[in-house]
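Here are my notes for a colleague, set out as numbered points to be read beside the coordinates.

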Amino acid sequence: MALRSASTQLLGRAGLLPAAVCNAFHRCMSTSDKFSVEVLPFKAHRIEPPNNVVETSIDELVGMYELMYKMRRMEIAADMMYKAKLIRGFCHLYDGQEAVMTGIEAALTKEDAVITSYRDHCQHLSRGGTVKEVMAELMGKRDGASKGLGGSMHMYNRQANFYGGNGIVGAQIPLGAGLAFALKYQKKPNVAIAMYGDGAANQGQKYEALNMAGLWNLPVIFVCENNHYGMGTAEWRAAKSSTFYTRGDYIPGLKVDGMDVLAVKKSMEFAKAYALEHGPIIMEMDTYRYHGHSMSDPGSTYRTRDEISTMRQERDPVERVRKLLLAKGYDAAAIKAMEKSVKKEVDTAVEESKAAAIPPNEWLWRNVYVAPANMDMRTVEGTYVQPTYDPTYSS
Ligand SMILES: Cc1ncc(C[n+]2csc(CCOP(=O)(O)OP(=O)(O)O)c2C)c(N)n1
Ligand SMILES: [Mg+2]
């Protein structure tokens, strides 16, 4: 599926985006023309890997760039809002890892299911959600993705088959296998993506999920986002074997450059076809998070500043696509125009979220099956109330 967002199309219609590009030798092509790009070869376990040549087009790259740039700006805005104490509690940012979700999405339709960990803001965007929904949820406002009742770790969008946002490390892995079971049971031509980190990859529940998924040939793609740290613990300190793509034993696996959106797209197209025909596969995405584990972690006590800046300079996933677009002759001014429009969208989402209302007190009891007896609720202002029990969603 080509990624091309509504605002890119608007820019295009307004004549801000070029319909054709010409290189230094004045060879011109349409922005929908296909061309090939070489990516790093894939490493494989118990499977013949696909080749490392990826077909793409300017249109697709522009869509990918816009989505990744939006993810980046949104996470930077979230960092600022957190420091201004407008966002509280847990908050795990995704900047650095944008190519993983963007590349996955390029190989899927919204009929495929996605489930992930607490690092979930950008998945909500890629599944078709808005910056405003994420920002308002982060600020605990009723316009948020989960009506302000979940916060950072609980984005959710049932219509787009996005099953969230899970705060318990690894919990989403068996749930992902369950989603695949449902898809197979309903005879749908779709896969489930279960995303987890290198830390979660050592958990027992992952191996139980792999066993069931392998036994029943479930169409599930286990995506290990290896950002090389679980909180402040480096992978080598926690894992006897950190070749996570081989850790499924009887389940095949691929290792992919997760900082290259085209490598991710190509590998995921392959994985989807494989999973539909044969069953589970593990994809290890080699990636990196720029921020600390969460907002309470400065992120520089267990790794060097040098490591972070080298990664930014040499492997940044957003910059990689921008450079590729420019190398293909795409107009720098068109990129600037798009960036400006994304920044505006993020700024507006921040302002609207600040101004939005908090959920009414009684919403807290909405998803509770039994009326809480004489239970006090502490409000945002620090007072105590006993809201009415109304599970009917009437308001
Ligand atoms: C069952 C459980 N144990 C511990 C925690 C605390 N915890 C939250 S995130 C995390 C590290 C996970 O690292 P990784 O799987 O690599 O994911 P990343 O944060 O790097 O995306 C830990 C230990 C938790 N939320 N749940
Ligand atoms: Mg990790």
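1. Which residue is the bridge partner of Asn226 in strand 12? The partner is Asp286, and this pair belongs to a junction in which six bridges join strand 8 to strand 12 (residues 281-286), the two strands running parallel. Please keep in mind throughout that this is a predicted model.

2. On its pairing with strand 7, strand 8 again runs in the parallel sense, and six bridges connect the two. One of the residue pairs to look for there is Met195 with Val223, the latter being the bridge partner in strand 8. Between these two strands the chain passes through helix 7 (residues 204-215), and the resulting β-α-β crossover is right-handed.

3. Strand 8 (residues 220-226) is largely enclosed by the rest of the structure, because seven of its seven residues are buried, a class that requires 20 or more other C-beta atoms within 10 Å. The burial applies to both faces of strand 8: Val220, Phe222, Cys224 and Asn226 are buried on one side, while Ile221, Val223 and Glu225 are buried on the other. Asn226, the residue bridged to Asp286, is thus listed with Val220, Phe222 and Cys224 on one covered face.

4. How many residues surround ligand 1? The shell holds 15 residues, and the closest are Val169, Gly197, Gly199, Ala200 and Gly230. By character the shell divides into six nonpolar, seven polar and two charged residues. Strand 7 (192-197) and strand 9 (229-230) each contribute at least two residues to this shell, and strand 7 is also the strand that pairs with strand 8.

5. Two residues other than glycine deserve a look at their backbone angles, given the following background. Most residues other than glycine have a negative phi. Asn217, in the loop between helix 7 and strand 8, has a positive phi near 50°, and Asn217 is classed as partly exposed because 15 other C-beta atoms lie within 10 Å. Arg46 has a positive phi near 55° and lies in the loop between strand 4 (43-45) and strand 5 (53-57); with 14 C-beta neighbours inside 10 Å, Arg46 also counts as partly exposed.

6. As for annotation, an unreviewed UniProt entry assigns residues 68-359 to "domain: Dehydrogenase E1 component". In the model, the end C-alpha atoms of that span lie 30 Å apart, and the span is 45% helix and 11% strand.

Note on methods: Residues are numbered from 1 along each chain as its sequence is written. Chains are lettered from A and ligands numbered from 1 in the order in which they are written. This is a predicted model: local features need pLDDT of at least 70, side-chain atom pairs count only at pLDDT 80 or more; totals for chains, interfaces and linings use all residues. A residue is near a molecule or strand if its C-beta atom, placed from the backbone, lies within 6 Å of it. Helices (H or I, at least four residues) and strands (E, at least two) are DSSP runs, numbered from the N terminus. Ala, Val, Leu, Ile, Met, Phe, Trp, Tyr, Cys and Pro count as nonpolar, Asp, Glu, Lys and Arg as charged, and the others, Gly among them, as polar. A residue is buried if 20 or more other C-beta atoms lie within 10 Å of its own, exposed if 12 or fewer, and partly exposed in between; C-beta atoms are placed from the backbone. Two strands pair if DSSP finds at least two bridges between them. A crossover is right-handed if, with the strands pointing away from the viewer, the path from the first strand over the helix to the second runs clockwise. UniProt positions are given in the numbering used here, feature names are shortened, and annotations may be inferred rather than shown by experiment.
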